[in-house]
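User: Please take me slowly through one part of this protein, choosing a region where a careful reading of the model pays off. I am new to this, so explain how each step follows from the one before.

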Amino acid sequence: ATTNPKMITIADIIDTLSNNHILWRTLRRVEVPLAGGRPRYAVGNAAVGLHVRCDGRDAWLKCYTRPNDNLPAIYGTAFHPRELCVFGMGGRRQWVDCLVCEYVAGQTLDTLLCSTDAHKAVSVAACAFDRAALGLLHSERAHGDLKPENMILTPDGEMKFIDWDAAYVPALAGRAAPETGTAAYQHPKRTTQMYDTHIDDYSIALLSVMLHAAALDPDVSARYRSLREFPLHPRRIAAGYCEELERTADLFASRGMAPQYRLTRMLSSPIPYLFNLESVMDVACRAQDATVTTDTAASEPSDAMPELDERNGLWGYRTGGQWIIPPLYDWGFDPTEGVMLVGLGGYSHFILRDGSVAATFGRGCTVKPLRDGRTVVRRADGSCRTLEMSSIWGRRVD
C-alpha cells in the first residue's frame with residue numbers, strides 16, 4: 001500500500017533510516033552510520049541528505065519527500081526512483097525517490113564564513129570559487145541555486161558545487177524552471193521562464209565580488225557571520241543607488257583590481273543576463289596565476305610593444321593582435337618605459353604587462369606617463385610634484 005506523497009515527512013525518512021533493517025528497491029550494501037541511534041543529516045526544501053557508505057565507498061544519500069520530474073535528466077543513473085521504502089503513520093509505507101552521488105569532503109562556504117578565523121581562508125575560497133564558476137560557465141549546464149550552503153571548499157583548496165536539484169541541462173530546454181533560487185543571490189527579475197545556461201550569471205558575479213571584498217575587508221565576513229547575509233543584496237541594488245555597492249567598487253578600483261571592479265558594476269544590470277561575465281571571469285582567473293597572462297603568452301616575444309586599444313568603451317593593450325591586458329579600464333595611455341598608465345574608477349595606476357599594479361594614485365590626482373623614469377603628478381589643489389618611479393614602486397600616492 002502507498003500513501004499520498006504529501007504524507008511523507010523528513011521525520012518518517014529519518015525514522016526509517018534509523019532501523020536495522022532498511023528496505024531498498026535496487027541499492028545494496030548501504031551502511032547508514034548512527035550516532036545515539038539516529039543518523040546525522042541535513043535538511044533541504046523537500047529532501048534529507050546524509051553521509052553513507054554504499055558498496056564500500058563514501059557516498060551522499062538524498063531522499064526526497066516529493067517528486068521532481070527534472071531529477072532523472074539532471075543526475076542520470078545516480079538518481080534512483082522509488083528506491084527507499086519509508087514507513088509512515090499507522091505502519092503504511094511508501095517508496096520515495098533517492099539520489100546516491102559522490103561524497104564531497106570539506107567545509108561548506110557558509111560554515112567557513114561563519115567561523116571566527118574566516119579571514120584566513122576567504123582569499124583561497126574566493127580564487128577557488130572563481131575557478132569553479134568559470135568551469136561552470138564553460139559547460140552546457142547551470143546550477144540554479146548558487147549560495148554559500150551549496151558549495152564546499154575541499155582540503156586541497158578546490159571549490160565543489162553541490163545540490164543540483166534546480167539545475168539546467170540541455171535535455172530540459174524549453175521547460176520552465178522549477179524554482180528561481182535564493183533571493184539573496186539572484187537578480188530580482190529572474191523568473192521561471194528564464195531557464196538556460198545564464199541562470200547562474202548574477203549569483204556568480206555577486207559571490208565573486210563578495211568573496212574578494214571579504215578577502216580585503218574583514219568587516220564583510222563579520223557581517224555575514226552575524227547576519228548570515230552579505231552587505232550587498234540584489235533587491236537593494238536594483239532599487240537604485242546603493243552606498244555599499246559604491247564602497248565595494250571603490251575598494252577594488254583603489255587597488256587596480258579591474259576584473260572585480262567590472263563584476264561589481266555588472267551587479268547594477270537591469271536584467272539577469274550578464275553577457276560579458278564569462279570573459280571577465282576568465283581574466284580574473286588568469287590574474288590569479290602570475291605565470292599565465294594570455295592564451296598566446298608563450299608565443300609572444302617578450303620585447304613586443306603593447307598597443308593601446310579600445311573595445312565597447314573600455315581600454316586595454318594588445319600585442320600581435322591578442323589582448324595581453326584585456327579592455328577593462330576607463331582610460332589608458334600608450335606604454336612608456338615598460339609600464340602603462342590606466343584609470344579605474346577615479347584612480348590612476350601604473351601597471352605592468354601582466355596586469356599587476358606597479359604604483360597607484362588617489363582620486364583627484366592627474367598623472368602623466370613616465371619619461372626618463374619620472375612622472376609628474378598634479379593634485380586636486382593644483383600643486384604639482386615630480387616623482388621617481390623607483391621611489392613609488394609598489395606604493396599608493398595621494
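Analyst: **Asn70, the largest pocket and the strands around it**

Asn70 is buried, because its relative accessible area is 7% and the cut-off for buried is under 20%. Please keep in mind that this is a predicted model, so every value below is computed from predicted coordinates. Asn70 lies in the loop between S4 and H2, and once its neighbours within four places in sequence are set aside, Asn70 is in contact with Leu172, Arg175, Pro178 and Tyr195.

The two elements on either side of that loop lead to the main subject, since strand S4 (57-64) and helix H2 (71-75) each supply at least two residues of the lining of the largest pocket. Strand S2 (42-43), strand S3 (47-54), strand S6 (93-102), helix H4 (122-138) and strand S9 (159-161) each do so as well. The volume of this pocket is about 1400 Å³, and its lining comprises 45 residues, with Lys62, Asn150, Ile162, Asp163 and Trp164 lying nearest the centre. Sorted by class, the lining holds 24 nonpolar residues, ten polar ones and eleven charged ones.

Two of the lining strands, S2 and S3, are linked by a loop in which Gly44 is found. Gly44 is partly exposed, because its relative accessible area of 38% falls between the 20% and 50% cut-offs. Although Gly44 and Tyr64 are 20 residues apart in sequence, their C-alpha atoms are 9.3 Å apart in space.

Turning to S6, we find a strand that is mostly covered, with seven of its ten residues buried. S6 runs antiparallel to S4, to which five bridges join it, and in this pairing Ala59 stands opposite Glu102 in S6. S6 also pairs in the antiparallel sense with strand S5 (residues 79-87), over six bridges, and here Val86 has Gln94 in S6 as its bridge partner. Five residues separate S5 and S6 in their hairpin, where Gly90 takes a positive phi near 75°.

S9, another of the elements that supply the pocket lining, belongs to an open sheet of three strands with antiparallel pairing and the order S7-S8-S9. Strand S7 (107-108) and S9 are its edge strands, each pairing on one side only. Two bridges join S7 to strand S8 (residues 151-153), and these strands run antiparallel, with Gln107 standing opposite Leu153 in S8.

A last step is to ask how the buried nonpolar residues are grouped. In soluble globular proteins, nonpolar side chains tend to be buried together. In this model the largest nonpolar core has 81 residues, and Tyr75, Phe129, Met159, Phe161, Leu232, Leu267 and Leu277 are those with the most contacts inside it. Apart from this core lies another, of 20 residues, which include Ile14, Cys54, Val86 and Val100. Val86 is thus a member of that second core as well as the bridge partner of Gln94 in S6. Within the largest core, Tyr75 falls in H2, Phe129 in H4, and both Met159 and Phe161 in S9, so these core residues belong to elements that also supply the lining of the largest pocket.

Technical notes: Residues numbered from 1 in each chain as written. Predicted model: local features only at pLDDT ≥ 70, side-chain atom pairs only at ≥ 80, totals over all residues. Heavy atoms only, no water. 1 Å grid on protein atoms, 1.4 Å probe; cavity = no way out; pocket = protein on both sides within 12 Å on 5 of 7 lines; lining within 4 Å. Points joined across faces, edges and corners; volume = space filled by probe spheres on them. Helix = DSSP H or I, 4+ residues; strand = E, 2+ residues; numbered from the N terminus. Nonpolar A, V, L, I, M, F, W, Y, C, P; charged D, E, K, R; others polar. Buried < 20%, exposed > 50% of the residue type's maximum accessible area, 1.4 Å probe, protein only. Core = buried A, V, L, I, M, F, W, Y, C linked by side-chain atoms within 4.5 Å. Pairing = 2+ DSSP bridges. Contact = heavy atoms within 4.5 Å.
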